[in-house]
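Reader: Got a minute to walk me through this one? I'd like the fold, then the interface.

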There are 2 protein chains.
Amino acid sequence: MMQTLADIGEDALIRRLVAGLKLDASVIAGPGDDCAVVLPPKQSERLLLKTDTVVEGVHFTTSTTPRLIGRKAMARVISDFAAMAATPHHALITLIAPPRTPVKRVLGIYGGLRAMAEEYGVNIVGGETSRGDQLIITVSMTGTAPAKDWVARNHAKAGDCLFVTGQLGGSIKRKHLHFHPRVQEAQWLVKHARITAMMDLSDGLGKDLPRLAASCGVGFHIKPEDLPLTRGCSIQQAVGDGEDYELLFAVSAKYSIGLLSDWSQAFPKLKLTRIGKLVADPQTRGIPSGGWEHFR
Amino acid sequence: MMQTLADIGEDALIRRLVAGLKLDASVIAGPGDDCAVVLPPKQSERLLLKTDTVVEGVHFTTSTTPRLIGRKAMARVISDFAAMAATPHHALITLIAPPRTPVKRVLGIYGGLRAMAEEYGVNIVGGETSRGDQLIITVSMTGTAPAKDWVARNHAKAGDCLFVTGQLGGSIKRKHLHFHPRVQEAQWLVKHARITAMMDLSDGLGKDLPRLAASCGVGFHIKPEDLPLTRGCSIQQAVGDGEDYELLFAVSAKYSIGLLSDWSQAFPKLKLTRIGKLVADPQTRGIPSGGWEHFR
């Protein structure tokens with residue numbers, strides 16, 4: 001019979017989840033104490049904080065491969081650090097699960113969390129478990145960025161050009177479980193162009209771009225025919241599907257010249273597309289509406 | 001009709017949750033961007049990280065006053081910083097809620113979260129919302145401690161004396177919703193005694209003390225008749241009820257002399273009790289078993 005969480009109990013579960021965790025020299029005390037203890041960032045840096053959650057039936061299904069659930073939970077948060085051109089460092093994992101959950105499923109999820117963390121140099125330093133009616137994984141993370149090089153969402157101006165990485169739409173088929181957070185790409189961007197605002201596309205361009213524009217107090221104009229569509233996807237899907245986890249950013253017009261060619265040399269396998277520009281009138285929103293709404 | 005989360009949607013909900021948040025000068029970017037951005041700790045400090053979660057039906061009920069749910073969610077995490085004699089600073093809130101949840105209930109919960117955060121000098125710098133089948137609040141927090149003054153759980157030795165603050169047992173009647181994390185008390189302790197191990201009692205002495213002893217590789221001997229019982233509680237309840245959120249700590253024998261009298265001058269309203277000592281044989285566990293088990 002398949003072993004469940006109720007069979008082994010919390011302490012034994014945690015022992016299995018943390019066994020063999022890889023921690024780097026920044027970690028002074030990892031899992032096992034009331035808090036994790038790590039070295040502070042440099043004084044020339046800023047500390048960044050983010051939490052994100054995946055819920056069964058919302059972000060994955062009962063039939064999603066456990067390893068890919070864990071991968072997604074970790075990658076979503078890393079993507080938020082990419083959105084600010086930051087480097088992720090230390091993660092805490094909260095697992096809510098029904099007692100009948102097979103131990104094997106939880107170990108699979110942690111396998112995905114750990115693999116993704118290792119790929120991006122993130123240390124899993126602690127966490128929390130509780131029973132609940134459905135499976136939920138929350139990842140909370142710290143990261144750092146140079147004090148002058150992190151990118152906010154709200155500093156763009158009218159006239160700045162808008163770009164997106166990769167292709168948009170149709171993520172549910174595969175990408176929402178397999179995407180690669182654009183950490184390296186974002187750090188390249190802040191070094192090679194004046195990025196005035198950036199975010200990652202999690203709820204879809206139709207929802208996220210209005211948010212970016214609103215926080216800058218401007219409007220935007222997009223040419224729908226210029227949107228980089230995932231093969232087989234319509235413009236409506238590119239705007240509304242969500243979970244692209246690509247970077248959306250604004251660049252001052254003069255820095256946008258030459259950016260596409262520099263980019264294609266640095267990242268020959270990843271598309272970069274200029275999709276439009278920001279305009280002064282906040283009411284100008286030349287895009288079909290759409291995007292993911294959590295409570296509807 | 002009562003307004004629900006489905007009625008107002010995620011963006012409007014978040015606007016109401018973050019309106020008027022008090023943030024101190026350490027916060028460079030609070031809610032509204034992909035990550036929060038804060039000043040780093042001093043180089044002479046350590047960064048501490050903790051996450052904790054409260055689940056409807058496990059840590060509170062459908063009839064618990066919303067404000068007290070929020071208070072508890074925040075206080076539990078702060079208590080973990082107390083357990084290491086650290087100071088909590090920045091918090092992220094994850095809210096999982098069914099779409100039918102009344103907006104008023106969520107605002108009440110955030111009222112409790114915010115009041116507790118303000119009382120302990122904690123900034124709420126961001127968070128995440130998602131729909132789910134039951135109400136769950138996860139609080140992730142950073143804090144700091146001087147590099148040489150934080151207290152681990154695993155450095156005590158045989159012969160060290162064991163103490164607990166406050167009274168144990170019967171927390172479900174009231175205290176689990178009204179407790180005061182022992183932050184100030186813990187910081188006093190590291191200055192006035194050599195604390196060799198400390199933790200907060202969340203799952204009950206019967207479960208938490210064996211954990212502390214095991215991480216130190218020692219056993220323990222408790223005199224059950226010396227346990228400080230909440231009025232009307234039995235020894236079994238003091239050991240097994242859980243959710244005391246008092247400090248359990250070990251002190252080298254020579255520092256334990258005089259500690260009780262120094263303590264009673266510093267904290268005349270809060271009891272401190274010597275409950276026993278650590279012993280060399282890890283198999284010696286002189287305490288009735290008990291305590292909270294999450295998956296059973």
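Reader: How many helices and strands does chain A have?

Author: This is a predicted model. Chain A has nine helices and 12 strands.

Reader: What is the radius of gyration of chain A, and what does the globule rule give?

Author: The radius of gyration is 20 Å, close to the 19 Å that the globule rule gives for 296 residues. So chain A is as compact as a globular protein of that length.

Reader: And what does the C-alpha trace of chain A span along its principal axes?

Author: About 60 × 45 × 35 Å.

Reader: How much of chain A counts as buried?

Author: 55% of its 296 residues.

Reader: Next, contacts in chain A between residues at least 6 apart in sequence. What share join residues at least 24 apart?

Author: 88% of those contacts do.

Reader: Let's zoom in on a helix. Which residues of α5 in chain A are buried?

Author: Helix α5 covers residues 183–192. Its buried residues are V183(A), E185(A), A186(A), L189(A) and V190(A).

Reader: Where do they sit, seen down the axis of α5(A)?

Author: They fall within an arc of 165°, so they line one face of the helix.

Reader: Why would a helix do that with such spacing?

Author: An α-helix has 3.6 residues a turn, so residues three or four places apart point the same way.

Reader: What do the buried residues of α5(A) pack against?

Author: One helix and four strands of chain A: α2 (66–82), β4 (87–97), β7 (161–165), β8 (195–200) and β10 (247–251).

Reader: On to the interface. How many residues are in contact between the chains?

Author: 64 residues of chain B are in contact with 63 residues of chain A.

Reader: Which element gives the largest share on the chain B side?

Author: Strand β3 of chain B, residues 45–55, with 10 residues.

Reader: How does that side divide into nonpolar, polar and charged?

Author: 29 nonpolar, 19 polar and 16 charged.

Reader: Which strands pair across the chains, and in what sense?

Author: β3 of chain A (residues 45–55) pairs with β2 of chain B (residues 36–38). The sense is antiparallel, over three bridges.

Reader: What is the bridge partner of L48(A) in β2(B)?

Author: V37(B).

Reader: Now symmetry. What turn and shift lay chain B on chain A?

Author: A turn of 180° and a shift of 0.0 Å along the axis, with an RMSD of 0.0 Å. That is the relation of a two-fold axis.

Reader: What share of the contact residues of chain B recur in chain A?

Author: 98% of them recur, and the same surface serves both copies.

Conventions: Residues are numbered from 1 along each chain as its sequence is written. Chains are lettered from A and ligands numbered from 1 in the order in which they are written. This is a predicted model: local features need pLDDT of at least 70, side-chain atom pairs count only at pLDDT 80 or more; totals for chains, interfaces and linings use all residues. Helices (H or I, at least four residues) and strands (E, at least two) are DSSP runs, numbered from the N terminus. The radius of gyration is taken over C-alpha atoms; the globule rule is 2.2 Å times the number of residues to the power 0.38. A residue is buried if 20 or more other C-beta atoms lie within 10 Å of its own, exposed if 12 or fewer, and partly exposed in between; C-beta atoms are placed from the backbone. Two residues are in contact if their C-beta atoms, placed from the backbone, lie within 7 Å. Ala, Val, Leu, Ile, Met, Phe, Trp, Tyr, Cys and Pro count as nonpolar, Asp, Glu, Lys and Arg as charged, and the others, Gly among them, as polar. Two strands pair if DSSP finds at least two bridges between them. Copies are superposed by least squares on the C-alpha atoms of residues with pLDDT of at least 70 in both. The arc is that of the directions from the helix axis to the C-beta atoms.
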